[in-house]
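Thanks, everyone. I'll keep this short. Please have a look at the model first, then we'll walk through it.

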Amino acid sequence: MKIFRLSLILVSFLSILNFSASAQTDTVSINTIISKTNKVLNDYPAEKVYLHFDKPYYAVADTVWFKVYLTENQNFLSGISKIVYVDVINQRDSLIQTLKLQVNGGTAEGNIPLSMDHYKQGNYHFRAYTMWMLNSNDPAYFNKTFYIGEAIDKELKTHISYKNSSTDKQEKIDARVQFKDANNKPYANKNVNWQVITSYTVIAKGRGTTDANGFLTISMTANQKAEYQLQKGELITSINTSEKDIINSTFQLKNAIINKDFQFFPEGGNLVAGLANKVAFKGIKSDGLGINAKGTVSDSDGKQVATFSAQRLGMGSFMLTPEAGKTYKASITFADGSTQSANLPAAVESGISIVIDNTDAENVAIKIASNDAFFEKNKGKKFYLIAQSKGVICYGAQTILANKEYNTTVQKNKFPLGIAQFTLFNESGKPLSERIVFVQHNNNLALALTSPVATYGSKKKVKINLNAKKDGLPVEGTFSVSVIDETKVPFNEDGASTILTGLLLNSDVKGYIERPNYYFTPGDAKKAADLDVLLLTQGYRNYSYTDIIQDKKPTINFLPEQGIEFSGILRMSNGIPVRKGALLLTIPDKRINMEGTTDPVGNFKFSNLVFTDSSKVTITAKYNVNYKNMTLSLNGAPTPSVSRNFSAADEVLNIDSTLTTYLDNSKKQYSYLHTLKEVTVKGAAVPKVSHKDYPALTGLSQMADHEISGDRLTGCSLIISCLQTMAMGTTFIDNNFYVTRDYNQGKKIPMGIFINGMMMDVNQLNTIDANNIESVEVFLRDELGLVNRNNNINGVIVINQKKAPKGTKISKSELMDMLPKYYELTFTPQGYSKARQFYMPKYDVPANLNRNDLRTTIYWNPQVITDNTGSASFDFFNADGKGQYKVVVEGIDANGNIGRSVFRYTVK
């Protein structure tokens, strides 16, 4: 077992000169920097989350299967947190679902049925995290984009392309849409109405007729300075497929207008005058994807001093020796023929920089170079070079500046596999230059997958053997295995999200990485060079050395969760806390009963509970004297705000055409599932409760901008939390709801909350039982202004409660039982998500062979454990599909070594 901790600091004197006696008195030693850094890294270890999925995309009615790997420093399986959260967020950045998973030994497993009621065709993204991770200013969320197609009762397929003809004064987008039926026959000569909606406002509309091939070209224009812009909206089309049927489709316009940007990244952080600088660059489009480019660099005198050309995905590098007092500009030609100019960063007149050559397999070659001005000013002073990786200091060295250039090498076996951060400090502990590199090893965890034969028949039993070794020795580890029919689930392996990309790359650097698995597939010197350029252009996620040296500890707002916990306070009706109050918690369907006692200031806590979703919990103080005059209140659970999708560049615009093969199979696989078409039944309508029933809301529009039915709130324990994700067009900040578009423009007047026609404080929402809500109406505008002016608000949220049914007279005691018991709380919190078993048919019984088997995920097993010989095996039956099947195994051993292996076999 090799742990990369620096127990004895290596201090390399690269100069033979002695340290000057006239040194500054505010210096800090290298040992101090290392000891302080080690203490912070050890006391505040960083957790990382990775999710292994059974396949890269899905269809409605599928089930998403995944395993969670939770790690800490050096990629050891984490023992810090015992709960991990997995959010599903749609393309509009609305939270669809949250799973709470129990972590055992650093792993967890989960599944998400993509029901027809809750999921529609579109782009979604997963976000996974622990509460401990939220203490970071830049949490290393696990983020993954996935897309869902729909084939059940599909009546319309679309394909759209955009042409941008915008000018400085006007946005102009031409959208060319093709409409086809479920059998790929074009909808020819059909009427189509369309409109563009931005911030719930229609800013363009029109109509047209499809041609013989089902195509329609839609031209949209808007003023560049208009309040509502095309690029921030969505195009909605309505096609008349028959005399009675109209089908709507929605297309995002955010990438219809593609802008391009070009950025420069000098090695070490600064362009230093007089030194030969490696300058990395990146050409990137507004959709987040790279674009190749080439160009020239000229100085302020117009002299060409460098040329460059991208080597992959818009990234590359060139050498430049800038002169003091001069500026530099690049003339760029992009791959699409467009041109642009960009200024390089200004060169610093006095500077020092780290230069690294990472091409050698065994060593990292390091050069520390300073220019004349810096050398003369700092000659004889101490400088420190420190390198850390995976939460530990791996290398430290000290030198006295006696020459303008130093060269040394560091053995790569001092570092674990992954990114290493080299930082150069002056003697005061100030970081001067930084460089990150990827340290690769040849003795990584080796996972060998084998099978007795290379070819099998349909529905035949397959046996796969797994052998795990590190340094030639067997290892015990935990692994997950997915087997898919690759013929039905084609995917570019370079774009895969793997345990290697997740724990060694994405979690350590900031920003989106395009096709990350390219850097981890069997490669050559070019892939290593491409990875090095990538790291020159990406920010690094780590603690601040400056804060560490100044003894500024990270702020801790969330402790690691060890289990489900409820806390709160017990007070008398007059607000005085109840000391040593007796409490009882019960969960009837789980047969859980726990007694508790409040502390001297009335606080209580019930910890380490285990139960699944939909369990009703009751906490009561009724066993105290004078309990009827007591009030129980529960502390809220922290939840991170819904963030934008950092992997939005992976979203797919045309899902129908991208997933053609997969959806054709899905249509057959789920042919037994059908949705009933709407049938109009005439009769007396039962009037629904709405804002129109309340005089105080007279003047609002007849129809709300957005309405949430009460059914969607079923099971919601805190109405405020649910409305934050469901009330579209609103923003919840500082305990108030605001109209998003107005808030973003600086108009920070809160919305009014009306419950049954009466304006209430926003906190009153959490006193409402979600089961008693008929609907929630959201008004982003008050056209007449009557309600807004009368109440000094901007926008209205109306909570309509169900009308109480007429009943019979009741006694006083029955009435008292119906009144709220403030000494008792009954609620339905989120418990652990229920585990399900992956279904595996068995065809060793002849009768089962007659079934159609159209599965795409053939086998999923999140609990493959290798024994002390490093071995494990598993077996399963193939489906009907013929072609190539892909076996993917991922996992981690007890020493934090991670691995992945892919094995393919043929089914005939």
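Let's start with a buried acid. D87 counts as buried, at 2% relative accessibility. What does the side chain of D87 meet in a salt bridge? R127, with 2.7 Å from N to O. The pair links distant parts of the chain: D87 sits in strand β4, residues 83-90, and R127 in strand β7, residues 122-129. That is 40 residues apart. R127 is buried too, with a relative accessible area of 1%.

A word on the model itself. It is predicted.

Now the count. A search of the whole structure finds 29 salt bridges. Why look for such pairs? Because side chains of opposite charge can pair when their charged atoms come close.

Next pair: K48 and D508. Their side chains meet in a salt bridge at 2.8 Å, N to O. K48 lies in strand β1, residues 48-53, and D508 in the loop between α3 and α4, so the pair ties together parts that are 460 residues apart in sequence. Are these two buried or exposed? K48 counts as buried, at 9% relative accessibility. D508 counts as buried as well, at 7%.

Third pair: K404 and D372. Here the closest N and O atoms are 2.6 Å apart. K404 lies in the loop between β26 (392-400) and β27 (405-411), while D372 lies in helix α2 (residues 372-378), so this bridge ties together parts 32 residues apart in sequence. K404 counts as partly exposed, with 38% relative accessibility. There is also a network. Salt bridges that share partners join E486, E493, K886, E890, R900 and R904. Keep R900 in mind for the cavities.

Back to K48 and the strands around it. In β3, residue T71 stands opposite K48. How many bridges join β1 to β3? Six, and the two strands run antiparallel. β3 also pairs with strand β6, residues 107-113. That pairing is antiparallel too, over seven bridges. One partner to look at: V64 has I112 of β6 as its bridge partner.

How covered is β3, which spans residues 63-71? Nine of its nine residues are buried. Both faces are covered. On one side you have T63, W65, K67, Y69 and T71, and on the other V64, F66, V68 and L70.

On to helix α3, residues 499-506. Seven of its eight residues are buried, so the helix is largely enclosed by the rest of the structure. The buried ones are I499, L500, T501, G502, L503, L504 and L505. What happens at the start of α3? A side-chain oxygen of T498 reaches to within 3.2 Å of the backbone nitrogen of L500.

Now empty space. Rolling a probe the size of a water molecule over the atoms shows where it is left.

Take the second largest pocket. It holds about 1200 Å³ of space. Its lining counts 41 residues, and the closest to the centre are Q440, Y519, F520, T521 and G523. Which elements give two or more residues to that lining? They are β23 (352-357), β30 (446-450), α3, α4 (525-536) and β52 (898-907). α4 gives the most, with seven residues. By class, the lining of this pocket divides into 19 nonpolar, 12 polar and 10 charged residues.

Then the cavities. The structure holds three of 30 Å³ or more. About 230 Å³ of space lies in the largest. Of the 18 residues that line the largest cavity, F53, K55, P56, S497 and R900 are the closest to its centre. So R900, a member of the salt-bridge network, turns up here again. The elements giving two or more residues to this lining are β1, β34 (477-485) and β51 (883-893). The split is seven nonpolar, four polar and seven charged.

The second largest cavity has a volume of about 100 Å³. Its lining is E150, A151, K154, K157, A182, D656, T660, L663, D664 and K667. Which helix gives the most to this lining? Helix α7, residues 660-669, with four residues. By class, we get three nonpolar, one polar and six charged.

That's the tour. Over to you.

Methods
Residues numbered from 1 in each chain as written. Predicted model: local features only at pLDDT ≥ 70, side-chain atom pairs only at ≥ 80, totals over all residues. Heavy atoms only, no water. Buried < 20%, exposed > 50% of the residue type's maximum accessible area, 1.4 Å probe, protein only. Polar contact = N/O pair within 3.5 Å; in protein donor to acceptor, adjacent residues only side chain to side chain. 1 Å grid on protein atoms, 1.4 Å probe; cavity = no way out; pocket = protein on both sides within 12 Å on 5 of 7 lines; lining within 4 Å. Points joined across faces, edges and corners; volume = space filled by probe spheres on them. Nonpolar A, V, L, I, M, F, W, Y, C, P; charged D, E, K, R; others polar. Salt bridge = Lys/Arg side-chain N within 4 Å of Asp/Glu carboxyl O. Pairing = 2+ DSSP bridges.
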